[in-house]
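Please look at the sequence and the model below, and keep both in view while reading. The paragraphs that follow begin with a single residue and then widen out to the whole chain and some of its helices.

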Amino acid sequence: MDRSFVIAQISDLHLDGSGRLLATIETLTAALRERMAAFADVADRILLITGDLVNEPTPRALDEALAVLASLRQTGLFTDIQAVAGNHDVKRPGQRNGRYDVYDYLHLPRTSKSVYYRQAGLDLVLLDSNGASLTTPDGTFDERAYHAMVARSARLSVELAGTAGSTGRADYFEPMDNLVRVLALHHHPLPQATGEGKRFLGVPDEPLMYLAAPATFLEAATSLNVTMVVHGHRHVEGLTRYSIPDPRASRSSGEEFWRTIYVLSCPSSTGQGGDDAGFNIIHFGPASEARRLEHRFTIARYSRPRNDGGFRPLDSNLPGGIISLAVGRDLSRDPAIQSAIEIASCTSLKRDQVLQLVRRLLSRPAFYDDSEQSWTDGLYTYLVTSHTFADIEGRFARSASMADVAVLAEVRALLRQLIGQSADMLGIDSATLDELRADRLVNRDDLSRRWPMLPRAAVDVAGRGHQRLQRLRDLDDQVKRLGLDLGLGGPMSPQGRGDLR
């Protein structure tokens with residue numbers, strides 16, 4: 001199962017309840033149907049609306065927005081629909097009578113929420129940015145209002161940090177560093193060159209449009225491994241790359257030195273106010289042309305001039321009208337993590353499924369006579385494999401024979417011995433080892449940073465290596481009872497090593 005997802009981003013619909021934009025919505029829906037056809041086999045297909053669903057939060061406008069959302073859901077194009085509020089959605093009740101609370105009515109996050117898509121490894125963070133920009137009802141602001149807005153924008157960064165978290169959540173199946181984190185909000189965190197010269201109440205509008213404290217916000221986003229920020233608000237297209245040095249970088253050449261966030265803007269998808277309409281299709285997945293497994297974003301931006309009947313690729317100068325962007329870090333999954341994700345989607349496992357999982361889990365260098373494997377790498381592999389074997393036992397227990405249950409128990413016991421031996425070689429005390437055993441989100445890079453790659457001093461390395469190989473041969477004897485001949489503890493075949501790479 002490929003680790004991939006698609007986000008169709010639309011924005012700034014400005015529905016007003018009059019029905020005047022429904023024909024435009026039909027044109028937009030037809031364009032989305034055409035563009036999403038290529039992604040029908042992608043498990044997670046998300047429609048994301050980045051604010052200003054309505055022009056004003058009147059009952060008629062909100063009812064129209066609900067009807068449009070229902071019609072988009074009924075297309076079957078999307079497995080999920082998410083949205084954030086824009087400044088038009090939350091116009092203050094004091095301005096006119098009859099406004100509803102858009103957060104309750106359309107089920108939008110008042111502050112923030114995180115939506116985790118397990119198979120894709122996507123953490124979609126929805127952030128309400130209203131109150132963190134300089135926009136005011138009459139286009140003016142004084143010093144006191146400015147400082148208040150800066151403070152709110154700083155709190156927005158705190159809200160982001162609290163929602164995304166720095167230690168992981170109970171529902172995550174992999175370390176936070178391995179997630180693809182996409183952040184959606186209405187206002188843009190960086191000034192935009194596109195649309196320069198637009199005016200609001202007779203003055204240049206740019207100072208009134210973006211966040212009041214963008215540097216604070218972007219610092220929080222980069223520290224939480226946000227890879228892409230998507231937004232609306234300005235009614236213009238835009239793509240910006242924001243990069244800062246990665247504090248963990250070991251060299252300054254190449255992309256490894258940089259921690260990068262892509263900032264993608266979406267125009268008004270209904271062409272509000274005479275602007276060109278547009279939407280974005282964001283696909284994340286493995287790059288087929290890469291020599292090694294590499295994940296990339298591809299972005300297709302579509303535009304419809306106000307009086308033109310159809311949407312056309314905005315970047316027609318590029319092959320296929322597609323922008324291809326490197327993620328900048330390794331997002332490949334350990335086979336144990338991928339297996340755990342697949343197991344979680346099953347209520348039970350059949351024996352042939354178990355055999356396939358066992359073969360995948362154990363056909364790795366740490367289970368063979370491999371001089372290139374460090375004790376740290378071995379410890380990580382045995383830990384994550386042990387967790388996944390526990391998942392297999394839980395799903396297989398009801399239908400398994402007593403003999404198979406006994407084999408799986410023996411396999412877990414041998415994995416526990418391999419974990420203990422590897423930890424002892426690295427000088428890890430028993431209390432810390434207990435913590436590692438309990439941590440399903442253990443991170444290979446964190447282990448390498450905390451403990452040396454070499455065994456601790458005054459240890460018979462050769463003797464311990466022989467002990468490890470004997471345990472692996474014992475493991476091989478157990479899996480033979482399941483009908484698998486993997487040759488564990490012996491040399492790994494060149495074919496098997498090539499498959500892993």
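R259 has its place in strand 11, residues 258–265, where strands are DSSP runs of E with at least two residues, helices are runs of H or I with at least four, and both are numbered from the N terminus. With a relative accessibility of 18%, R259 counts as buried, a word that here means under 20% relative accessible area, while exposed means over 50% and partly exposed lies in between, using a 1.4 Å probe and protein chains only. Leaving out residues up to four places away in sequence, R259 touches T222, S223, N225, Y242, S243, I244, D246 and P247, a contact being heavy atoms within 4.5 Å.

This is a predicted model, in which local features need pLDDT of at least 70 and side-chain atom pairs count only at pLDDT 80 or more, whereas totals for chains, interfaces and linings use all residues. Residues are numbered from 1 along each chain as its sequence is written, and side-chain values use heavy atoms, with hydrogens and water left out.

The protein as a whole has 13 helices and 15 strands, and 52% of its 501 residues count as buried. Among contacts between residues at least 6 apart in sequence, 75% join residues that are at least 24 apart.

Helix 2, residues 59–74, has 16 residues and reaches 23 Å from its first C-alpha to its last, close to the expected 22 Å, the expected span being 1.5 Å times one less than the number of residues. Its buried residues are A61, L62, E64, A65, V68, L69 and L72. Seen down the axis of helix 2, these fall within an arc of 160°, so they line one face of the helix; the arc is that of the directions from the helix axis to the C-beta atoms. An α-helix has 3.6 residues a turn, so residues three or four places apart point the same way. The face of helix 2 turned away from the buried side carries the exposed residues R60, R73 and Q74, while the cover over its buried residues includes strand 1 (5–10), helix 1 (22–36), strand 2 (45–50), strand 3 (80–84) and helix 3 (102–105). After helix 2 comes G76, with a positive phi near 75°.

Further along the chain, what covers the buried residues of helix 12 includes helix 7 (351–362), helix 8 (375–396) and helix 9 (402–425). The buried residues of helix 12 are G465, R468, L469, L472, L475, D476, Q478 and V479, and, seen down the axis of helix 12, they fall within an arc of 165°, so they too line one face of their helix.

How do two of these covering helices lie against each other? The axes of helix 7 and helix 8 come within 11 Å and cross at roughly 175°, where axes are lines fitted to C-alpha atoms, for helices over the stretch in contact, and angles run from 0 to 180 degrees between N-to-C directions. Helix 7 and helix 8 are therefore roughly antiparallel, the name for angles over 145 degrees, with those under 35 roughly parallel, 65 to 115 roughly perpendicular and the rest oblique. Their contact is made by R351, V354, L357, V358, L361 and L362 of helix 7 and by T385, T388, F389, I392 and F396 of helix 8.
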